[in-house]
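Dear colleague,

I am handing over the structure below, and after it you will find a short account of what came out of the analysis. Please read the two side by side.

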Amino acid sequence: MPSKVVVSGVVLVILAAFIVFIVEFFVPVSMKYDMNAFCRKAIIKMETEGGLSAEAKAELIEKMTNRGFKNITVTGSAYAKYGEEMNLHVEADAEFNRLISLFGRASSVHRMVYDKTFIARKVVN
């Protein structure tokens, strides 16, 4: 009977570690999704304003910093006439503290890149 308690305890610890590992697997996916959402909003603003303004760039960097990104670089077309190509290139580092073994954790850094080329167009709401 005492062996069942020990085995059940070990199985529960392994199951808990596995659940934590699975949950931590989706954190980078969530951060990349948020980065893409922030950049899409910046693209819409670029289309309506005709380029990447300093305010839009600062707003994008602020949103990404608040989300937890570091070493953010944003480059984009400063000015384009309607019908010309524009580009938005964003790079950022995301740092995670991940489970690497049953009781071990290690910090890892992922470089995330968003690079889109699009046509400047007039957006009417």
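Please keep in mind throughout that this is a predicted model.

I begin with the strands, where β2 and β3 form a hairpin with five residues between them. Strand β2, which covers residues 85-99, runs antiparallel to strand β3, which covers residues 105-119, and the two are joined by 15 bridges. Within this pairing, Phe96 has Ser108 in β3 standing opposite.

Turning to the helices, the axes of α1 (residues 2-25) and α2 (residues 27-49) come within 4 Å and cross at roughly 15 degrees. Because angles under 35 degrees count as roughly parallel, α1 and α2 are described as roughly parallel to each other. On the side of α1 the contact involves Val23, Glu24 and Phe25, which meet Val27, Pro28 and Val29 in α2. By character, the residues of this contact divide into five nonpolar, no polar and one charged.

Phe25, already named in the helix contact, also belongs to the one aromatic pair that the structure holds, its partner being Phe26. The ring centres of Phe25 and Phe26 lie 5.3 Å apart with the planes at 85 degrees, and since plane angles over 60 degrees count as edge-to-face, the pair is assigned to that class. As for solvent exposure, Phe25 has a relative accessible area of 46% and is therefore partly exposed, while Phe26, with a relative accessible area of 48%, is likewise partly exposed; the partly exposed class lies between 20% and 50%.

With best regards

How values were computed:
Residues numbered from 1 in each chain as written. Predicted model: local features only at pLDDT ≥ 70, side-chain atom pairs only at ≥ 80, totals over all residues. Heavy atoms only, no water. Pairing = 2+ DSSP bridges. Axes fitted to C-alpha atoms, helices over the stretch in contact; angles between N-to-C directions. Parallel < 35°, antiparallel > 145°, perpendicular 65-115°, else oblique. Contact = heavy atoms within 4.5 Å. Nonpolar A, V, L, I, M, F, W, Y, C, P; charged D, E, K, R; others polar. Phe/Tyr/Trp six-rings, centres within 6.5 Å; stacked < 30°, edge-to-face > 60°. Buried < 20%, exposed > 50% of the residue type's maximum accessible area, 1.4 Å probe, protein only.
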